[in-house]
Amino acid sequence: QVHLVESGGGLVQPGGSLRLSCAATGFRFSGNPMSWYRQAPGKERELVATITSVGGTTNYADSVKGRFTISRDNAKNTVHLQMNSLKPEDTAVYYCFARYGGYWGQGTQVTVSS
């Protein structure tokens, strides 16, 4: 059975950092491009970052370039999102997504507020 479990969300002040993790089970993780999406209240879900199956290529939304870094550890079946210089507009539920199979995690809340 496929599971994607996100962790690492929480409340942080503007300018702070958080590191999200997504643990994958039940499918061939190493061959699967992985992404992070987010959805703010009243807004559509948007793509934040993507990493290829071997981690050689990454892509980011313009709104997070230079602040967020996506990475993966294929030995541990995990993907991470390091988020620095957080802004209130980064507040959202963040979801992990596996492209092949279209698998979603349950999401983790990130709130940026003073």
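## A walk from the core outwards

Start with the largest nonpolar core, which has 28 residues; select W36, V79, L81, M83 and Y94, the ones with the most contacts inside it. Now colour by strand: strand 3, strand 4 (34-39), strand 5 (46-51), strand 7, strand 8, strand 9 (92-98) and strand 11 (108-112) each put at least two residues into this core. Bear in mind as you click around that this is a predicted model.

**Next stop: the open sheet.** Show the strands as cartoon and pick out the open sheet of 4 strands, which runs 1-3-8-7 with antiparallel pairing. Its edges are strand 1 (3-7) and strand 7 (68-73), each with a partner on one side only. Look along the sheet and you should see the twist, which averages 15° from one strand to the next.

Zoom in on strand 3 (residues 18-25) and strand 8 (residues 78-83), an antiparallel pair held over 6 bridges. Select L20 and you'll find L81 of strand 8 standing opposite. You've met L81 already, among the core residues with the most contacts.

**Now hop to T108.** This one sits in strand 11. Is T108 buried or exposed? Its relative accessibility is 10%, and the cut-off for buried is under 20%, so T108 counts as buried. Show what surrounds T108: beyond its neighbours within four places in sequence, its contacts are E6, S7, G8, G9, L20, A92, V93 and Y94. Draw a distance from the T108 side chain to G9, and you get 3.3 Å between a polar side-chain atom and the backbone nitrogen of G9. For A92, go C-alpha to C-alpha: T108 and A92 are 8.4 Å apart in space and 16 residues apart in sequence.

**Last stop: the charges.** There are 4 salt bridges to hunt for. Select R38 and D90, whose closest N and O atoms are 2.9 Å apart. R38 belongs to strand 4 and D90 to the loop between strand 8 and strand 9, so this pair ties together parts 52 residues apart in sequence. R38 is buried at 6% relative accessible area, and D90 is buried at 1%.

Keep D90 on screen and add R67, which also forms a salt bridge with D90, at 2.8 Å between the closest N and O atoms. R67 comes from the loop between strand 6 (58-60) and strand 7, 23 residues away from D90. Add E46 to the selection as well: through shared partners, salt bridges join R38, E46, R67 and D90 into one network.

Finish at D62 and K65, whose side chains meet in a salt bridge at 3.2 Å, N to O. Here D62 counts as exposed, with 66% relative accessibility.

How values were computed. Residues are numbered from 1 along each chain as its sequence is written. This is a predicted model: local features need pLDDT of at least 70, side-chain atom pairs count only at pLDDT 80 or more; totals for chains, interfaces and linings use all residues. Side-chain values use heavy atoms; hydrogens and water are left out. Two strands pair if DSSP finds at least two bridges between them. Axes are lines fitted to C-alpha atoms, for helices over the stretch in contact, and angles run from 0 to 180 degrees between N-to-C directions. A nonpolar core is a set of buried Ala, Val, Leu, Ile, Met, Phe, Trp, Tyr and Cys residues joined through side-chain atoms within 4.5 Å. Buried means under 20% relative accessible area, exposed over 50%, partly exposed in between (1.4 Å probe, protein chains only). Contact means heavy atoms within 4.5 Å. A polar contact is a pair of N or O atoms within 3.5 Å; within protein, one must be able to donate a hydrogen and the other to accept it, and residues adjacent in sequence count only if both atoms are side-chain atoms.
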